[in-house]
Amino acid sequence: MLRKNKKILFAAALSFLGLSAAGCGSRNVDGEKTVIELLHYKPEAVSYFEEVEKRFNESHEDIELKITSPNDAMTVLKTRLIREDNPDIIGIGGDFNYANFIDAGILMDISDFDGLNSIRKNYLDINENLEFVPTDGTYGVPYMANAAGILYNRDMFEEYGWQIPKTWDELLSLCEEIQKAGKLPFYMGYKDTWTCLSPWNSAAASLTGATVCKDVNRGATTFTEQYRTLAEQMKTLLQYGPKDFAAYSYNDACTAFARGESAMFMIGSYAVPQIKSVNPDINIDSFVYPASDRAEENILTSGIDLQFCIMQDCPDKEAAYEVLRFFLEDENVQAYMDNQNSIPCKEGTFTLAPMLDGMKECIEEGKVTDFQDHFYPAEMAAEALIQTYLLDGDTDKFLKKFDEAWVRYNRDLIEKVKKYEAEH
């Protein structure tokens, strides 16, 4: 059931009150055809969704699929929640919003959906770990993941004979070697604060545990204890980028890397289409960010980029399940991968994009962990805190401020966790 008059903290810093089941769940029915509306937050994949919608409707006589692709999907969705005009299925990421929706009781428990049996366990675990407090049931079907690490110019590496680093010390040695060859190791687009989070997340995957944010909420540790090495690494890498690292945007960095102005770029696989729009012939590969000096401890940052959730008030669960089964057909999974250079959350034999070759072993072995910022509330603006730190370089001040901001913007959640811990 929906929880009436429950306060919901959304990542867009909006508070919504009074969500209820009243008025929700009514759907237009054309004759005997059940209409299922799916609203998703991936406008860059509109062509894929349009094709799936077309083929689904051509192959189903009793269900009509209507896919909504708004540009600012989360704002549109939250507005519709207030108006009690919910879609049947939503396509969202595995992040703070997902956890809020579970906490608000607006998602259906889909534990009985047979398609879950085909999903890789590590991505189901990642989803479960996002919950503020343990909640019985399963509320999302992980569909696609992305990965972040270090993109590199394969042709440049082959020309100079540079080797892929497996440890932190090897990475620093590689950077020195690249500089001696008169090349720039990294291009950084830190003018856009969000780009600071890509290397941050990649390093955090290997330097901290997957539950570090939950452990802080439980009072078991602090970010001052957990993030010091991480913060120092981010500062150390600045010497291997442009002199004024905060003068260049994400677009600037993509363009510079595409033109061969740096050997590497610390960013996710999602950047490849933009890089290739500048230089379609660039030969890109990637490798796991080697944050640890023990190669076996380095792990790939890979989070759920798209998952499907059924709204609690959806009037026809079985019709919604049929839509999800269609999305999970191998042909449709591969089509999305080809469209977006994504990683499938479904088990099976799929063809990954070539720029993921260097990450393939971790992907296939399930040696992945979530993006740390998926646990950060948007109001906290962690990316701005990190950028400010990189500009002034005071690690102690930064860690203290990070801990203070965490408590400020997670106060209600921390109290909820404490209550849960006391009761269990």
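Two strands count as paired if DSSP finds at least two bridges between them. In this predicted model, three strands meet that condition in an open sheet, with the order 9-8-10 and antiparallel pairing. Strand 9 (264-265) and strand 10 stand at the edges of this sheet. Each of these edge strands has a single partner strand, so one side of each is left without a neighbour in the sheet. Strand 8, made of residues 150-153, is joined to strand 10 by four bridges, and the two run antiparallel. One position shows the pairing at the level of residues: Leu151 has Ser286 of strand 10 as its bridge partner.

The sheet is one part of the protein, whose secondary structure comes to 18 helices and 13 strands. The radius of gyration is 22 Å, close to the 22 Å that the globule rule gives for 424 residues, so the protein is as compact as a globular protein of that length. Along the principal axes, the C-alpha atoms fill a box of roughly 70 × 50 × 35 Å. Buried residues make up 55% of the 424 in the protein. Among contacts with a separation of 6 or more, 78% are between residues 24 or more positions apart.

The next topic is the pockets. The largest pocket has a volume of about 1,200 Å³. It is lined by 40 residues, and those closest to its centre are Tyr41, Asp95, Asp305, Asp373 and His374. Which elements supply at least two residues each to this lining? They are helix 2 (73-82), helix 3 (96-104), helix 7 (197-207), strand 11 (300-310) and helix 16 (382-392). Helix 2 gives the largest share of the lining, four residues. By type, the lining of the largest pocket divides into 18 nonpolar, 14 polar and eight charged residues.

The second largest pocket has a volume of about 360 Å³. Of the 20 residues that line this pocket, Lys166, Val288, Gly358, Glu361 and Cys362 are the closest to its centre. Here strand 10 (284-287) appears again: strand 10 and helix 15 (360-365) each supply at least two residues of the lining. Strand 10 is thus both an edge strand of the sheet and a contributor to the lining of the second largest pocket. How many residues of each type are found in this lining? There are ten nonpolar, three polar and seven charged.

Methods. Residues numbered from 1 in each chain as written. Predicted model: local features only at pLDDT ≥ 70, side-chain atom pairs only at ≥ 80, totals over all residues. Heavy atoms only, no water. 1 Å grid on protein atoms, 1.4 Å probe; cavity = no way out; pocket = protein on both sides within 12 Å on 5 of 7 lines; lining within 4 Å. Points joined across faces, edges and corners; volume = space filled by probe spheres on them. Nonpolar A, V, L, I, M, F, W, Y, C, P; charged D, E, K, R; others polar. Rg over C-alpha atoms; globule rule 2.2 N^0.38 Å. Buried < 20%, exposed > 50% of the residue type's maximum accessible area, 1.4 Å probe, protein only. Contact = heavy atoms within 4.5 Å.
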